[in-house]
Amino acid sequence: MTIPVFIKIANEAKILHLLDELHNSFSDIELILKDLHVLRTEEHKLFFDLKNLLQQSSTHIKRVNEDILI
Amino acid sequence: MNQETPYFVGIKNPSDLRRHLLNGAKDGLHVLQLSEEIKTVREKQKQLLLDFQKNIFSMNKNLLLLQKYLPEHNKHSVRKHLSKYMTSSHKQQVADVPKTAVKQFDLSAYPGLGPARIKKLHEAGIHSEEDIKKIDISVLSERTSIPESVLIHAFKSVIVKKELPLKKESIAKKLPSEIHILEAKLADIEKKLNNL
């Protein structure tokens with residue numbers, strides 16, 4: 001059962017403009033979310049590197065300590 | 001002038017020590033570099049989140065405006081509008097919809113009834129609330145092998161007017177205990193003695 005429904009729209013131009021803006025906002029949000037995802041992975045990688053570097057540094061300091069301390 | 005007394009420590013491998021010291025300093029510098037990179041990434045994230053917030057605000061604003069510009073409608077006006085295009089057969093179909101879609105008896109809505117128990121209850125002939133009201137819970141329990149307490153808990157709302165089977169405690173309360181019988185006998189004896 002299909003019934004045609006007609007709705008009278010007065011401000012067609014304004015509505016189209018608003019829909020266009022909404023569409024733009026949605027695409028902007030999509031891009032932002034993608035960028036955020038990339039940044040998040042980058043941050044994870046940097047933290048991982050930092051952790052490794054700190055571990056390495058701590059071993060060096062330990063060795064120095066062992067040499068100096070009697 | 002007070003000078004601290006110098007303190008010397010013998011080092012076995014000076015080159016190794018030197019290397020470790022230098023490497024430690026190098027690592028420290030790398031750590032600082034990485035932390036700066038992390039800082040910039042965080043700044044970028046902050047900026048992106050601000051943009052995101054701005055976008056959401058503008059979207060909300062636009063949606064409100066859109067709602068304002070779109071024609072208002074309510075259920076009645078839509079029905080009225082649709083009725084212009086509906087033939088008699090359509091109207092009949094629409095009228096039939098609520099009848100066919102009358103809420104079906106759903107046993108899963110009752111507490112403590114899983115699919116297996118629902119299947120057993122269907123097999124025992126429970127297809128409506130009336131069936132539950134008509135049938136005795138203990139009989140239903142025997143037929144379905146579902147514990148009586150579970151059935152009582154599940155159909156509490158349906159059988160609320162019916163008398164629930166008495167619990168053992170309440171039965172015990174209603175039956176006269178031995179002490180009461182003995183007391184009654186004693187009272188009889190006392191009466192007889194008084195008469196003598």
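Start by selecting B:Asn55, which counts as partly exposed because 18 C-beta neighbours lie inside 10 Å. Keep in mind as you look around that this is a predicted model. B:Asn55 belongs to helix 1 of chain B, which covers residues 14-69. Now show what surrounds this residue. Which residues is B:Asn55 in contact with, leaving aside its neighbours within four places in sequence? They are A:Ser25, A:Asp28 and A:Ile29, so your next stop is the other chain.

**Across to chain A**

Select chain A and colour it differently from chain B. Chain A has one helix and zero strands. Of its 70 residues, 3% are buried. Its helix 1 takes in residues 12-68, and its axis comes within 7 Å of the axis of helix 1 of chain B. The two axes cross at roughly 165°. Since angles over 145 degrees count as roughly antiparallel, helix 1 of chain A is therefore roughly antiparallel to helix 1 of chain B. Turn the view to look at how they pass: the crossing is left-handed. Where these two helices make contact, the residues by class are 25 nonpolar, 13 polar and 13 charged.

Next, widen the selection to everything in contact between the chains. How many residues of each chain take part? There are 35 from chain A and 35 from chain B. On the chain A side, 20 of them are nonpolar, five are polar and 10 are charged.

**Chain B as a whole**

Hide chain A for a moment and show chain B as a cartoon. You will find nine helices and zero strands, one helix after another along the sequence. Chain B has 196 residues, of which 6% count as buried. Among its contacts with a separation of 6 or more, 45% join residues that are 24 or more positions apart.

**Into the nonpolar core**

Now pick out the largest nonpolar core, shown as sticks or spheres. Nine residues make it up: B:Leu113, B:Leu121, B:Ile126, B:Ile132, B:Leu140, B:Ile146, B:Leu151, B:Ala154 and B:Phe155. Centre the view on one of these, B:Ile146. Not counting residues up to four places away in sequence, B:Ile146 touches B:Arg117, B:Lys120, B:Ser141 and B:Leu151.

**A step back to B:Ser145**

Move one selection along to B:Ser145. This residue sits in the loop between helix 6 (137-144) and helix 7 (148-154) of chain B. Is B:Ser145 buried or exposed? It counts as exposed, because there are 9 C-beta neighbours inside 10 Å. Check its backbone too: B:Ser145 has a positive phi of about 55°, although it is not a glycine. Most residues other than glycine have a negative phi.

**Two more stops**

Helix 7 of chain B also holds B:Ser149. With 12 other C-beta atoms within 10 Å, B:Ser149 is exposed. Draw a distance line from its C-alpha atom to that of B:Ser138: they are 11 residues apart along the chain and separated by 9.5 Å.

Finish at B:Gly125, in the loop between helix 4 (115-123) and helix 5 (129-134) of chain B. B:Gly125 counts as exposed because it has 11 C-beta neighbours inside 10 Å. Draw one last line, from B:Gly125 to B:Leu140. The pair is 15 residues apart in sequence, with 9.5 Å from C-alpha to C-alpha. You have met B:Leu140 already, as one of the residues of the largest nonpolar core.

Conventions: Residues are numbered from 1 along each chain as its sequence is written. Chains are lettered from A and ligands numbered from 1 in the order in which they are written. This is a predicted model: local features need pLDDT of at least 70, side-chain atom pairs count only at pLDDT 80 or more; totals for chains, interfaces and linings use all residues. Two residues are in contact if their C-beta atoms, placed from the backbone, lie within 7 Å. Ala, Val, Leu, Ile, Met, Phe, Trp, Tyr, Cys and Pro count as nonpolar, Asp, Glu, Lys and Arg as charged, and the others, Gly among them, as polar. Helices (H or I, at least four residues) and strands (E, at least two) are DSSP runs, numbered from the N terminus. A residue is buried if 20 or more other C-beta atoms lie within 10 Å of its own, exposed if 12 or fewer, and partly exposed in between; C-beta atoms are placed from the backbone. A nonpolar core is a set of buried Ala, Val, Leu, Ile, Met, Phe, Trp, Tyr and Cys residues joined through C-beta atoms within 7 Å. Axes are lines fitted to C-alpha atoms, for helices over the stretch in contact, and angles run from 0 to 180 degrees between N-to-C directions. Angles under 35 degrees count as roughly parallel, over 145 as roughly antiparallel, 65 to 115 as roughly perpendicular and the rest as oblique. A crossing is left-handed if the near helix is turned anticlockwise from the far one by less than a right angle, and right-handed if clockwise.
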